[in-house]
Amino acid sequence: MAAPDSDTNDGQEDTGAAAAVQSRSHDGATGRDASWPRLQRHIFRTASRHLPDAADAAEESVEAPPKHTGRYARWLPVLKTLPWVLGALFALSFVWDFPGVTLSVAGYTIVLEDLLRFTAVSGLVGFGTNWLAITMLFRPRVARPLVGQGLVPAQRERVAYRLAQAVSDELINKALIKEKIRESGLVARYRDLLVAAARDVATDEAVRTEGKALLRRALRDVLSTPSVQERIVALTAEQVEAQAGEGLSGLMLRAYRYFGEDDFRARLRETVRRLPDAVDPLVEELDPVLDRLPAELERRSDEIESLLTRVVLRLVDTLDLERMIYENVRAYDERQLEMLLRRTTNEQLNYIKYLGAALGIVGGFIIWAPAAALVAVTALGLAVYGVDEALFRARTNDRTDDTSSS
């Protein structure tokens with residue numbers, strides 16, 4: 001009966017040991033899960049002191065330039081009334097259009113009859129053709145059976161491709177990005193921030209405490225796992241036998257293992273079972289390493305900068321800027337693409353559209369009285385050109401004088 005009692009006691013001890021290992025593993029996993037967020041918070045709190053402030057980033061950002069409004073904008077409200085005025089004059093021409101009225105200028109008789117109709121129709125045609133041309137740039141957004149589709153919606157893919165090609169080739173190409181990175185000293189500045197943050201993190205007591213606690217629990221969990229312990233036992237036995245050699249010590253070891261293999265294995269298992277309790281002194285050896293880390297980082301700061309530069313430039317090389325821009329613009333629907341183009345050109349397009357009415361009126365005068373109108377238009381055009389050229393040259397000379405004096 002003694003033997004069964006012994007077997008029963010051994011089974012109870014093994015069950016108790018397994019339960020203890022499982023409980024320790026569960027407690028370690030729970031502690032590790034709790035320590036990791038705390039360690040993250042401590043690291044972020046310490047390192048965030050070296051992050052650039054949002055205010056500094058805002059100061060470095062480029063301010064939007066003021067909108068440049070040309071002189072034509074002053075006339076745009078007046079030009080917008082022209083189509084309505086011309087429509088009213090065209091309607092009036094059916095009732096009254098200078099019937100039988102003449103005008104003598106320098107002995108030249110000008111018949112005023114049909115003046116309203118000629119100028120009104122020509123002005124409306126000028127406005128209508130410009131309006132139609134600008135409208136056909138964007139409308140219809142969807143292809144129609146008879147009138148087709150607007151130029152921009154129909155060529156959306158082509159517009160996106162050309163825009164992406166132009167931007168990636170001329171504005172934001174890889175060579176320009178690399179040059180700006182080198183000129184800005186951005187890598188060196190962030191290298192200093194990285195080294196300073198790593199130094200503070202390595203010397204922060206809270207970070208060290210949580211880090212060592214997390215490492216201690218992880219090592220205990222690993223070394224307490226039965227499968228890991230068995231692998232350590234097997235590896236230790238192999239290494240002991242391999243290191244014993246062929247001499248007397250090797251012969252004695254092999255003899256001992258031949259007659260007492262179970263005892264040899266039991267002693268190894270007992271030693272390996274105590275390994276989790278030996279973790280604390282090993283973890284405490286991290287302190288000297290962490291103490292030397294800041295000086296090592298300072299000594300290798302140039303190497304860190306070189307490494308960061310290579311990483312950033314390699315990242316730039318992997319970017320396909322043309323495809324990125326193309327896919328983003330391509331994702332715009334017809335309405336968004338129209339708004340993108342109109343956002344900066346709508347005022348100019350309106351000016352061109354309504355200017356057609358004014359030029360149409362001039363054309364109406366030429367149709368109504370060709371000789372007199374051509375003379376008047378030519379003289380007016382030359383006068384405007386002469387005044388504009390004189391003002392331009394005067395402004396250029398003033399700028400040249402200011403530059404020379406400065």
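Which helices do the buried residues of α14 pack against? In this predicted model, the buried residues of α14 pack against α7 (174-184), α8 (186-203) and α13 (286-299). To see how that arrangement comes about, it helps to begin with the chain as a whole and then return to this helix.

The secondary structure of the chain comes to 17 helices and 2 strands. Of the 406 residues in the chain, 24% are buried. Contacts can also be sorted by how far apart the partners lie in sequence: when residues at least 6 apart are considered, 74% of the contacts join residues at least 24 apart.

Helix α14 covers residues 301-318, a run of 18 residues. At 1.5 Å a residue, a helix of 18 residues should span 26 Å, and the end C-alpha atoms of α14 are indeed 26 Å apart, so expectation and model agree. The buried residues of this helix are S301, I304, L313 and V316. Seen down the axis of α14, the buried residues fall within an arc of 160°, and therefore they line one face of the helix. A general rule is useful here: an α-helix has 3.6 residues a turn, so residues three or four places apart point the same way. On the other side of α14, R310, R314 and T318 are exposed. One face of the helix is thus lined by buried residues, and these pack against α7, α8 and α13.

The two strands offer a simple pattern to follow by eye. Strand β1 (residues 102-105) pairs with strand β2 (residues 108-111) in the antiparallel sense, over 4 bridges. Within this pairing, L103 has I110 in β2 as its bridge partner. The two strands form a hairpin with 2 residues between them. In the turn, A106 has a positive phi of about 55°.

Positive phi values turn up in loops on either side of this hairpin as well. F98, in the loop between α3 (72-93) and β1, has a phi near 50°, a positive value in a residue other than glycine. D114, in the loop between β2 and α4, has a positive phi near 70° and is likewise a residue other than glycine. D114 counts as partly exposed because its relative accessibility is 34%. Another backbone feature is found in the loop between α4 and α5 (151-154), where P140 lies. The peptide bond from R139 to P140 is cis, with omega near -10°.

Where do the nonpolar residues gather into the largest core? This core has 11 residues in all: I134, F138, V152, A160, A164, V167, I325, Y326, V329, L337 and L349. The elements that give two or more residues to this core are α4 (115-138), α6 (156-171), α15 (321-330) and α16 (334-368). I134 is a good residue to look at in the structure: leaving aside its neighbours within four places in sequence, I134 is in contact with L349, I352 and K353. A second, separate core has 8 residues, including L79, L82, F127 and A357.

Charged side chains make their own set of links, and a search of the whole structure finds 14 salt bridges. One of them joins the side chains of E270 and R274, with an N to O distance of 3.2 Å. E270 counts as partly exposed because its relative accessibility is 30%, and R274 falls in that class at 49%. The side chains of R300 and E296 also meet in a salt bridge, here at 2.6 Å from N to O. R300 is partly exposed with a relative accessible area of 34%, and E296 is partly exposed with 29%. In a further salt bridge, D320 and R323 meet at 3.8 Å, again from N to O. D320 is partly exposed, with a relative accessible area of 41%, and R323 is partly exposed with 47%. Some salt bridges share partners, and in this way R191, D192, D302 and E305 are joined into one network.

Terms used: Residues numbered from 1 in each chain as written. Predicted model: local features only at pLDDT ≥ 70, side-chain atom pairs only at ≥ 80, totals over all residues. Heavy atoms only, no water. Expected span 1.5 Å × (residues − 1). Buried < 20%, exposed > 50% of the residue type's maximum accessible area, 1.4 Å probe, protein only. Arc of directions from axis to C-beta. Contact = heavy atoms within 4.5 Å. Pairing = 2+ DSSP bridges. Salt bridge = Lys/Arg side-chain N within 4 Å of Asp/Glu carboxyl O. Core = buried A, V, L, I, M, F, W, Y, C linked by side-chain atoms within 4.5 Å.
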